[in-house]
Amino acid sequence: MKLSQFRFKLPEEQLALYPPHRLFKNEDGTEERVYNRDQSRLMVIHRKRQAIEMYRKDPDGNDTNEFLTFRDLVNYFDEGDTFVFNDTKVFPARLYGTKEKTDAKIEVFLLRELNEELRLWDVLVEPARKIRIGNKLFFEEDGPMVAEVIDNTTSRGRTLRFLYDCEHEEFKRELYGLGSAPLPRYIVDRRPVEPEDMENFQTIFARNEGAVTAPATGLHFSRELMKMMEIRGFNFAYLTVHCGLGCFDSIEVEDLTKHKMSSEQMIIPEECCQLVNKTKLDGHRVCTVGVSTTRAAETAVGTDGLLKPFDGWTNKFIFPPYDFGLANAMIANFYHSESTMMMLTAAFGGYDIVYEAYQLAVENGYQFGCFGDALLIVDD
């Protein structure tokens, strides 16, 4: 397929800059947001019937004028079905420092630690043209956190050595204390980062640190919703994909077969495989939560349709047409035009009906992006 087949026009106001919330005005004129993770809208694609649902039904089975919300998800699954989640944990990866001598403000985006003992980190810097090998960056006016640029890796990539002599855990604590939530660029360019963003940009089941962007679809799940799912007899399986910034990279080629995805580290434990495979063999449904989880499952599924343990990296790029080997249901967000996330979603649901769903979402004011509304694809 071609890149241009995934192009659509998204109004600026439909880019979600905050998670689902209600806005209240205080007596002093200030505004306060009360966040509700599971109160986004939900659209449902029935891929075999080629049908799209947007509204709740009345007792006679007719559409009402009330949009489905994410909590309605539970009505599309049965006892014994399994949801597969990405339990990666986001760390506060965006820091701001100043360049020695010039005091120029530099954004440093931490990607991953390369060497614990030497305090080496792979980072992105902005503006990159000002940062050269040998430069020093200061992260507090009179504080001890200083880094030296020791290598260029890409046009914006650098290797930093932090000059901070202490135990590693103390160093990480101090470093993260200087950072803020690694919200996507399209958000931070439109509003300031706020203290509650770190909590809002983290799933409630996050436990394995290493992501620099959240597995966005997992953000919809609240503790209340997961308790409701547990009561209904749904199973939860967990794998880990440390989500990187590659999903936000622009695709520079029209022919999608020529695009190369950035690699992400992924771990699928034996426990996850056992639960998922038992679910399939027992005739129940497996639902992958999010694009990262779906891509990981397709990296590790065998020719027998069963999930295999995995510990390594994946750069798998999925776009239509593609035959999925594991899941028979999937949840995703509504993503940007020409994004790899939209392409994987279209591969799972079918290009024509997913593109139709995107058009309906634009026409009906759905929210797009990491904090946006959700799309459930079921195999009926």
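1. Helices α6 (291-300) and α7 (340-349) are a good place to begin, since each of them supplies at least two residues of the lining of the largest cavity. The model is a predicted one, and the points below should be read with that in mind.

2. The structure holds 1 cavity of 30 Å³ or more, and the volume of the largest cavity is about 290 Å³. Its lining is made up of 24 residues, and those that lie nearest the centre are Cys 243, Cys 247, Val 291, Ser 292 and Met 341. Sorted by class, the lining of this cavity comprises 14 nonpolar, 7 polar and 3 charged residues.

3. Which residues lie nearest the centre of the second largest pocket? They are Pro 19, Tyr 35, Asn 36, Arg 37 and Asn 200, and they belong to a lining of 18 residues. This pocket has a volume of about 250 Å³, and its lining divides into 7 nonpolar, 5 polar and 6 charged residues.

4. Helix α1 (residues 168-178) repays a careful look, residue by residue. His 168, Phe 171, Lys 172, Leu 175 and Tyr 176 are buried in this helix, and they lie on the same side of α1 because they cover an arc of only 125 degrees around the axis. The face turned away from that buried side carries Glu 169, Arg 173 and Gly 177, which are exposed.

5. What do the buried residues of α1 pack against? Their partners are the strands β9 (94-99), β10 (105-115), β11 (120-126), β14 (157-162) and β15 (208-211).

6. The cysteines deserve a separate point. A disulfide is a covalent bond between the sulfur atoms of two cysteines, and the structure holds 0 disulfides. Cys 247 is in no disulfide, and the nearest cysteine sulfur, which belongs to Cys 243, is 6.9 Å away; for a disulfide to be counted, the two sulfur atoms would have to be within 2.5 Å. Cys 247 counts as buried because its relative accessibility is 18%, and the cut-off for buried is under 20%. Both Cys 243 and Cys 247 are also among the residues nearest the centre of the largest cavity.

7. Why does the sulfur of Cys 287 form no bond with the closest cysteine sulfur? The closest one is in Cys 272, and it is 13 Å away, which is too far for a bond. Cys 287 is likewise buried, because its relative accessible area is 0%.

Definitions and conventions:
Residues are numbered from 1 along each chain as its sequence is written. This is a predicted model: local features need pLDDT of at least 70, side-chain atom pairs count only at pLDDT 80 or more; totals for chains, interfaces and linings use all residues. Side-chain values use heavy atoms; hydrogens and water are left out. On a 1 Å grid over the protein atoms alone, a cavity is a set of points where a 1.4 Å probe fits but cannot get out, and a pocket is an open set with protein on both sides within 12 Å along at least five of seven lines; lining residues have an atom within 4 Å of a point. Grid points are joined across faces, edges and corners, and a volume is the space filled by probe spheres set on the points. Helices (H or I, at least four residues) and strands (E, at least two) are DSSP runs, numbered from the N terminus. Ala, Val, Leu, Ile, Met, Phe, Trp, Tyr, Cys and Pro count as nonpolar, Asp, Glu, Lys and Arg as charged, and the others, Gly among them, as polar. Buried means under 20% relative accessible area, exposed over 50%, partly exposed in between (1.4 Å probe, protein chains only). The arc is that of the directions from the helix axis to the C-beta atoms. Contact means heavy atoms within 4.5 Å.
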